[in-house]
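Work through the exercises below with the model open. Try each task before you read its solution.

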Amino acid sequence: MKSSEYLSSDMLDESLLKSFAPFRLVQMILGSCRVDAKYRFVTSPTTLQRAYSVTCLLVVLICYSTILAHYFARYVAFPHIYYINFVSLFLHYATFACNVIHVRFVNNDSNVKFYIKMQEIDRKLNADHNKIFNDVLFKTNVMSVAATALVSLLLYASALSADAVVTASFAGPLVAQVTSTFEWLNCANLLIYFYIRIRYINAIITNHLRGTADLPVEEYTKNIFPTMKTLRCLASKTHDFKFSDTDVYLQDIFEQLLRFQSLYRFQMFLFCFKFFTATLLTFEFILLGLQHDIIKRFEFIVLPTVTAIDLIIIVVICVRCEAFYREIKTTKYLCITVLSLIYSGPLRRKAIKMLKMIKEKPPQFSVYDMWRMDAATMIKMINLVTTLMVTILQFALLFYVWKIKK
């Protein structure tokens, strides 16, 4: 008789649902959760939830308008600074609004299918019985949510003002920034899911090539992140490369990665555009604010910190993408090793099929085919931003010298 947990392919295991619970909880509160999860099923957001998201957009818009009317009035005497702040304020709200609209009103069925396919892959790999897979993702998500919430609340506390209206209106940028940051962090942490599954496939092939005699009796499940030996121990209990459909597992992961890319590339486009533009606007505002001695202490703290958080996120995403690509290269190497040892039979055909998949359609996280998220992109983006910051600094210095001489 079939286990009750497999009576419906759409029913998710509790461990998988738990791994995404931290982000799902805060995103439900913020009105930006992609799916609704009840009784181990995931569905599209309800009409009430979408209405709640629209309400959040309007409330945040009112807060931004209040800031523009009450707080930004102090910059009216400095038109350049005023316009920089206005553009920056518009950029932050536009990023927030586009993100919420995209996750709540676009690709609803695809988001549901994405979670279902994640569960199907785990069941094929028998990974749903190994809690360590989802425990890693759960702990990472908890730390990401807790750290982001703590830093955001500290930044908000530093911006408290004697003016109650201004203080209350600052909740708008807080919600907007936190909502976008949680979505980007969720995207970054989902890369861990793909990384561990690819390593698990590599562990299956490695066990076949090296055998399992060198494996320890204990599984080292107390490690925060599963090592290759831990994965080999787990794989040796349920999989043998001779009989496992490893090529099917790899194909499913590649197809799931394409779904992931189609769902999150818009968020990555928003993130990269916002990081590039907001960093330059912040830098120029701080320069002009220091020149005219009108910048407040909390502005000098909050703005660079938000930029630093964005920089950390882009580094994490690119590093994790790079780690995933390197693991794919390991898969390619293992398949070539199998071909060098086996000259005929089903194992050779399986290795050829896997190698063909990697060569013909190498997996990558591309943003609308404009750039690929990897270490090289991260370095190029940081170099471009720093170059433009130096250029802005040079112009400010030249203007200051010209003003003195005049």
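Buried means under 20% relative accessible area, exposed means over 50%, and partly exposed lies in between (1.4 Å probe, protein chains only). The model is predicted: local features need pLDDT of at least 70, side-chain atom pairs count only at pLDDT 80 or more, and totals for chains, interfaces and linings use all residues. Residues are numbered from 1 along each chain as its sequence is written, and side-chain values use heavy atoms, with hydrogens and water left out.

**Exercise 1. The whole protein**

Task: State what share of the residues is buried, and describe the protein's span, surface and contacts.

Solution.
- Start with burial. Of the 406 residues in the protein, 50% are buried.
- Take the span next. The C-alpha trace covers about 85 × 50 × 35 Å along its principal axes.
- Add the surface. Accessible areas come from the Shrake-Rupley method with a 1.4 Å probe; for residues, only the protein chains shown count as cover. The total is about 20,100 Å², and carbon and sulfur atoms hold 66% of that.
- Count the elements. Helices (H or I, at least four residues) and strands (E, at least two) are DSSP runs, numbered from the N terminus. The protein has 13 helices and four strands.
- Finish with contacts, meaning heavy atoms within 4.5 Å. Among contacts with a separation of 6 or more, 83% join residues 24 or more positions apart.

**Exercise 2. The salt bridges of D13**

Task: Find the salt-bridge partners of D13 and say where each residue lies.

Solution.
- Fix the criterion. A salt bridge is a side-chain nitrogen of Lys or Arg within 4 Å of a carboxyl oxygen of Asp or Glu. The structure holds 12 of them.
- Look at the R40 partner. The D13 and R40 side chains meet in a salt bridge at 3.7 Å, N to O. D13 lies in the segment before α1 (14-19) and R40 in the loop between β1 (36-38) and β2 (41-43), so this pair ties together parts 27 residues apart in sequence.
- Look at the R123 partner. R123 also forms a salt bridge with D13, with the closest N and O atoms 3.5 Å apart. R123 is in helix α5 (residues 108-125) and D13 in the segment before α1, 110 residues apart.
- Join the pairs. D13, R40 and R123 are linked in a network of salt bridges.
- Check burial. D13 has a relative accessible area of 6%, so D13 is buried. R123 is buried too. R40 has 24%, so R40 counts as partly exposed.

**Exercise 3. A bridge between two helices**

Task: Which residue forms a salt bridge with E327, and is the pair buried or exposed?

Solution.
- Find the partner. E327 bridges to R199, with the closest N and O atoms 3.5 Å apart.
- Place both ends. E327 lies in helix α11 and R199 in helix α8, so the bridge ties together parts that are 128 residues apart in sequence.
- Check burial. E327 and R199 are both buried.

**Exercise 4. Buried residues of α9 and a glycine before it**

Task: Name what covers the buried residues of α9, then locate G211.

Solution.
- List the residues. In helix α9 (residues 228-238), T230, L231, R232, C233, L234 and A235 are buried.
- Find the cover. It includes α6 (131-158) and α8 (171-210).
- Move to G211. This glycine sits in the loop between α8 and α9. Its relative accessible area is 23%, so G211 is partly exposed.
- Find its contacts. Beyond neighbours within four places in sequence, G211 touches T206 and R232.
- Take one distance. The C-alpha atoms of G211 and S236 are 9.3 Å apart, and 25 residues separate the two along the chain.

**Exercise 5. Positive phi in a loop**

Task: Where do Y368 and D369 lie, and how exposed is each?

Solution.
- Read the angles. Y368 has phi near 55°, a positive value in a residue other than glycine. D369 has a positive phi of about 60° and is not a glycine either.
- Place Y368. It lies in the loop between β3 (366-367) and β4 (371-372). D369 is in the loop between β3 and β4 as well.
- Compare with the cut-offs. Y368 is partly exposed at 37% relative accessible area. D369 is exposed at 70%.
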